[in-house]
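I opened a fresh page for this one and kept my notes in the order I looked things up. Here is the entry I am working from.

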Amino acid sequence: MNEMLATVMTGTLATKVLIVEDEETLAELLRYNLEAAGYAVLHSVTGEDAEVLVDEEAPDLVLLDWMLPSVSGIEICRRLRARQSTRHLPIIMLTARSEEADRVRGLGVGADDYVVKPFSVPELMARVKALLRRAAPDRVADELVVGDITLDRAAHRVTRGGRDVRLGPTEYRLLEFFMQAAGRVHSRSQLLDGVWGRDTYVDERTVDVHVGRLRKALIRGRESDPIRTVRGAGYVFGERPKG
Ligand code: CA
């Protein structure tokens, strides 16, 4: 698993990008730039390993090389599109071929976008960001807003009704996770996976402790509680519906 699997920033909400590329120098260049831009990076050399990583790590986007050692990128793309769980997974094909017919073929099997090698790294990074924004706007938005609460990712700042809310790192990540999916019920184990990371062994009661701290930090005076406890299910973030 060593070269196949390398996750950085575990336990954070970094967007995961899987690079499927057998040219090591190119893979390293991509890794360097993606990590510098704040993404968590996974890398596999073969299409078969990529399929395993997609299942285990649920990346948010795949950079998929066309020419791979055994199973081609085109075939991997086709397989991912055929499965319910990855039907909408954002995929950018990396291809050395520039013929129009091949481009059409790449998009024909369901790739969302493609870049032709050699490509400019800033252009690829822009396409990654654009595709993520189309696929899941809240994952890459600079600012999340729910009701009177605003989370500014760039400034790492949270405000409610214009006043600053001071949060510890765990409460910040918890709030970010909640705000990305406002109105949705999250079980304690989903919160553990999403905020603490799959590989940490934290008791589910820890979730309750941090939700409690987050509530305390967010609520002043007669302000409403933005977090609703759903008995037997977990927590929902977002203003209660009126009436
Ligand atoms: Ca290749």
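What kind of unit do strand 3, helix 3 and strand 4 make? I looked this up before anything else, keeping in mind that the model is predicted. Strand 3, helix 3 (residues 73-82) and strand 4 form a β-α-β unit, and the unit is right-handed.

**Entry 1: strand 4 and its neighbours**

I went on to the partners of strand 4. Strand 3 pairs with strand 4 in the parallel sense, over 4 bridges. Strand 4 also runs parallel to strand 5, again with 4 bridges joining them. Met93 turned out to be a handy marker here: Leu64 stands opposite Met93, and in strand 5 the bridge partner of Met93 is Tyr114.

Is strand 4 enclosed or open? I found that 5 of the 5 residues of strand 4 (residues 91-95) are buried, so the strand is largely enclosed by the rest of the structure. I kept a general reminder in the margin: side chains in a regular strand alternate between the two faces of the sheet. I then listed the faces of strand 4 one by one. Ile91, Met93 and Thr95 are buried on one side, and Ile92 and Leu94 are buried on the other, which leaves both faces covered.

**Entry 2: the calcium ion**

Which residues coordinate the calcium ion? I noted Asp22 and Asp65, each through OD, and Met67 through O, at 2.1 to 2.3 Å. Written as a sequence pattern, the spacing of these donor residues is D-x42-D-x1-M. Asp22 and Asp65 come from distant parts of the chain, 43 residues apart. Asp22 sits in the loop between strand 1 (16-20) and helix 1 (24-36), while Asp65 belongs to strand 3 (residues 61-65).

I checked the accessibility of both. Asp22 is partly exposed, at 29% relative accessibility. Asp65 is buried, with a relative accessible area of 2%.

**Entry 3: Lys117 and its salt bridges**

I counted salt bridges next and got 20 in the structure. One of them joins Lys117 to Glu21, with 3.1 Å from N to O. Why does this pair tie together parts that are distant in sequence? Lys117 lies in the loop between strand 5 (113-116) and helix 5 (121-135), and Glu21 in the loop between strand 1 and helix 1, so the pair ties together parts that are 96 residues apart in sequence. Both side chains belong to buried residues: Lys117 has 16% relative accessibility, and Glu21 has a relative accessible area of 0%. For Lys117 I wrote down the cut-off too, as buried means under 20%.

Lys117 has another salt bridge, with Asp65, where the closest N and O atoms are 2.9 Å apart. This pair also links distant parts of the chain, the loop between strand 5 and helix 5 and strand 3, 52 residues apart. I was glad to meet Asp65 again, since I had it down as a donor to the calcium ion.

**Entry 4: another salt bridge, and the network**

I then turned to Asp208 and Arg188, whose side chains meet in a salt bridge at 2.7 Å, N to O. Asp208 is in helix 9 (residues 204-218) and Arg188 in helix 8 (residues 188-196), 20 residues apart. Asp208 is partly exposed at 28%, and Arg188 is partly exposed at 22%. Going over the shared partners, I found Glu21, Glu23, Asp65 and Lys117 joined into one network by salt bridges.

**Entry 5: the antiparallel sheet**

In what order do the 4 strands of the open sheet stand? I read the order as 6-7-8-9, with antiparallel pairing. Strand 6 (143-146) and strand 9 (163-165) are at the edges with a single partner strand each, so one side of each has no neighbour in the sheet. On average, neighbouring strands of this sheet are turned by 25° against each other, direction ignored.

Inside the sheet I looked at strand 7 (residues 149-152) and strand 8 (residues 157-160), which run antiparallel and are joined by 4 bridges. Leu151 stands opposite Val158 in strand 8.

Which strands does helix 7 touch? Helix 7 (residues 169-180) packs on the sheet and touches strand 6, strand 7 and strand 8, its direction making about 110° with that of strand 7. Helix 9 lies across strand 7, strand 8 and strand 9, and runs at about 165° to strand 9. I closed the page on helix 9, which also carries Asp208 from the entry above.

Note on methods:
Residues numbered from 1 in each chain as written. Predicted model: local features only at pLDDT ≥ 70, side-chain atom pairs only at ≥ 80, totals over all residues. Heavy atoms only, no water. Donors = N, O, S within 2.8 Å, 3.2 Å for Na, K, Ca; no water. Helix = DSSP H or I, 4+ residues; strand = E, 2+ residues; numbered from the N terminus. Buried < 20%, exposed > 50% of the residue type's maximum accessible area, 1.4 Å probe, protein only. Salt bridge = Lys/Arg side-chain N within 4 Å of Asp/Glu carboxyl O. Pairing = 2+ DSSP bridges. Right-handed = clockwise from strand over helix to strand, strands pointing away. Axes fitted to C-alpha atoms, helices over the stretch in contact; angles between N-to-C directions. Contact = heavy atoms within 4.5 Å.
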